[in-house]
Amino acid sequence: MSSSDGMTCSSDGGDTAACHRRQCSGLTGCALLASEAAAHVARLCRSNPRLLSMLIQEKCGDDANSSRFTHDFKTLADVLVQRLVAKRIGQQFPELEESVYGEENDTIQNNKGEDVTIQVGETVEETFQCLSKALGDDLDSAKSLAESAHKEFEAKDLNVDCYPPEEENLDLEKIGIWIDPIDSTNEYINGNVNSINEYGFHSSGLHCVTINIGLFDKHSGKPIAGVINQPFFEFDPVKGWSGRCYWAYCDGQKSLNSLPEFISCNQELVVTSNSETDEAKAALQRSGYTVATASGAGYKMLCVALGVVKCYALTKDSTYEWDTCAAHSMLASQGGTACHCRTADGPLTYRPKIAGGGVRAHCNAAGVIASRDPQTVDRVHALLQSSMRLQHCSS
Ligand SMILES: O=P(O)(O)O[C@H]1[C@H](O)[C@@H](O)[C@H](OP(=O)(O)O)[C@@H](OP(=O)(O)O)[C@H]1O
Ligand SMILES: [Mg+2]
Ligand SMILES: [Mg+2]
């Protein structure tokens, strides 16, 4: 684990609560606490079958990830979580209000077919009024969701090994933030719980769901900090689900993160999408890599950052800036990187949301190769490029 200085909390019992608040007082800390509030909402929506089934909606037109899914869905949890994270960041850092972007648009249709814009208000009552429009007559669900959207968390509530720096060297005017409120919505909707695979990660199921919050430099396009929260990490028959979260920070001068430092990963393991081509998988295998698949772009990249796998490779155009920004920041803080796969354009970059651009404007259109080890990125890039050239020549 790499950690910053000045983050230990006195155990004299004096002002512990204030100390915990202080520990997450920077922007990365704010995103980390917001991710925990978001995870709480995600778990609540998932635990209420009525709520979930009422509010699963198909994304249409420019909003849909049509290169990955024939039918792409969102839930109330996606929309509410995005609003909640944006609200909390905007409250603590008003300068950033216009610079927080998300995967989803803010509307959801209620059972009367009316579009409702989801907002997190200043008070629980305001949020309740909004959610009750979305949830029709289910006032109990609207009330519990509104309360949960306003629930406050402190650093001590987080399942994290160390806290982000209080002092960040950030020029807020340059910062943009991408939120993927629920990554792997399909697994979230299906709700399956699958056991861990032979490599030590989950190939599918609720464990692959993550909340990704990535900070980037609007001028250079570089990732700066990231938070990934995994809301469904552990299940206890009495207490239900609990999660875990990770953060990273790399402003070009200092690199800090809460990820494990020592890794004994399977050095030759590459994780990819269930939708990856047989040709790309075969090319990796011919070069000595073992190839495994998993759901969730954020989860796959988190597995790389945690050292469970060596590399994430995707030749397809099915991920977006909100899928990769948080995890890319983590890899960058570890000395690694995430690059375009099908071109020689180097690292992925991030841009503020383009009005009217639809999701394609923020697509990682040339695929992704990500690793903690830049040499692995180069090697996998070269071998996939040459396999794609061969395919091109023979077709
Ligand atoms: O659930 P949303 O936030 O829409 O994000 C999706 C990504 O955009 C897709 O690229 C992921 O598919 P792959 O991981 O199979 O590429 C997809 O993963 P999944 O379908 O395998 O769960 C999601 O991560
Ligand atoms: Mg996603
Ligand atoms: Mg998503």
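A helix, as the word is used here, is a DSSP run of at least four residues, numbered from the N terminus. Phe128 has its place in one of these, helix H5. Keep in mind that you're looking at a predicted model. The protein chain has 395 residues, and buried ones make up 57% of them. Its secondary structure comes to 11 helices and 15 strands. Let's start with that one helix and work outwards to the sheet, the cores and the metals.

**Helix H5 and Phe128**

- Helix H5 covers residues 124-134, and its buried residues are Thr127, Phe128, Cys130, Leu131, Ser132 and Ala134.
- Here's a bit of background: an α-helix has 3.6 residues a turn, so residues three or four places apart point the same way.
- What covers the buried residues of H5? The cover includes helix H4 (76-92), E4, strand E5 (115-117) and helix H6 (139-149).
- Phe128 has a relative accessible area of 17%, and buried means under 20%, so Phe128 counts as buried.
- Leaving out residues up to four places away in sequence, Phe128 touches Leu139, Ala142, Lys143 and Ala146.
- Asn194 is 66 residues from Phe128 along the chain, and the C-alpha atoms of the two are separated by 35 Å.
- After H5 comes Gly136, with a positive phi near 60 degrees.

**The sheet and the helices on it**

- Look for an open sheet of 6 strands: the order is E3-E6-E7-E8-E9-E10, and the pairing is mixed.
- Which strands sit at the edges? They're E3 and strand E10 (255-257), each of which pairs on one side only.
- From one strand to the next, the twist averages 15 degrees.
- Strand E8 (residues 223-236) and strand E9 (residues 240-250) run antiparallel, joined by 9 bridges.
- If you want one pairing to find on screen, try Ile228, whose bridge partner in E9 is Tyr246.
- Helix H2 lies across E6, strand E7 (210-217), E8 and E9, and runs at about 35 degrees to E8.
- Helix H10 packs on the sheet too, touching E6, E7, E8, E9 and E10, with its direction at about 105 degrees to that of E8.

**The nonpolar cores**

- In soluble globular proteins, nonpolar side chains tend to be buried together.
- Here, the largest nonpolar core has 67 residues, and Leu27, Ile118 and Ile177 touch the most other members.
- Which helix gives the most to this core? That's helix H2 (residues 27-47), with 12 residues.
- Now zoom in on Ile177: not counting residues up to four places away in sequence, its contacts include Leu27, Ile89, Leu96, Val100, Tyr101, Ile213 and Phe216.
- A second, separate core of 38 residues has Ala248, Ala294, Ala326 and Leu348 among its members.

**The magnesium ions**

- The magnesium ion (ligand 3) has three protein donors, Glu103 (OE), Asp180 (OD) and Ile182 (O), at 2.0 to 2.2 Å.
- Along the sequence, the donor residues of ligand 3 are spaced E-x76-D-x1-I.
- Glu103 is in the loop between strand E3 (100-102) and strand E4 (107-109), while Ile182 is in strand E6 (residues 175-183), so this pair ties together parts 79 residues apart in sequence.
- Glu103 is buried at a relative accessible area of 17%, and Ile182 is buried at 1%.
- Over at the magnesium ion (ligand 2), the protein donors are Asp180 (OD), Asp183 (OD) and Asp323 (OD), lying 1.9 to 2.0 Å away.
- The donors of ligand 2 follow the spacing D-x2-D-x139-D.
- Asp183 lies in strand E6 and Asp323 in helix H10 (residues 321-333), so this pair links parts that are 140 residues apart in sequence.
- Are Asp183 and Asp323 buried or exposed? Both are buried.
- Which residue bridges the magnesium ion (ligand 2) and the magnesium ion (ligand 3)? It's Asp180, and the ions lie 3.6 Å apart.

**The whole chain**

- Among contacts with a separation of 6 or more, 72% are between residues 24 or more positions apart.
- The accessible surface of the protein chain comes to about 16500 Å², and carbon and sulfur atoms account for 47% of it.

Definitions and conventions. Residues are numbered from 1 along each chain as its sequence is written. Chains are lettered from A and ligands numbered from 1 in the order in which they are written. This is a predicted model: local features need pLDDT of at least 70, side-chain atom pairs count only at pLDDT 80 or more; totals for chains, interfaces and linings use all residues. Side-chain values use heavy atoms; hydrogens and water are left out. Donors are N, O and S atoms within 2.8 Å of the metal (3.2 Å for Na, K and Ca); water is not among the atoms, so sites may look incomplete. Helices (H or I, at least four residues) and strands (E, at least two) are DSSP runs, numbered from the N terminus. Buried means under 20% relative accessible area, exposed over 50%, partly exposed in between (1.4 Å probe, protein chains only). A nonpolar core is a set of buried Ala, Val, Leu, Ile, Met, Phe, Trp, Tyr and Cys residues joined through side-chain atoms within 4.5 Å. Contact means heavy atoms within 4.5 Å. Accessible areas come from the Shrake-Rupley method with a 1.4 Å probe; for residues, only the protein chains shown count as cover. Two strands pair if DSSP finds at least two bridges between them. Axes are lines fitted to C-alpha atoms, for helices over the stretch in contact, and angles run from 0 to 180 degrees between N-to-C directions.
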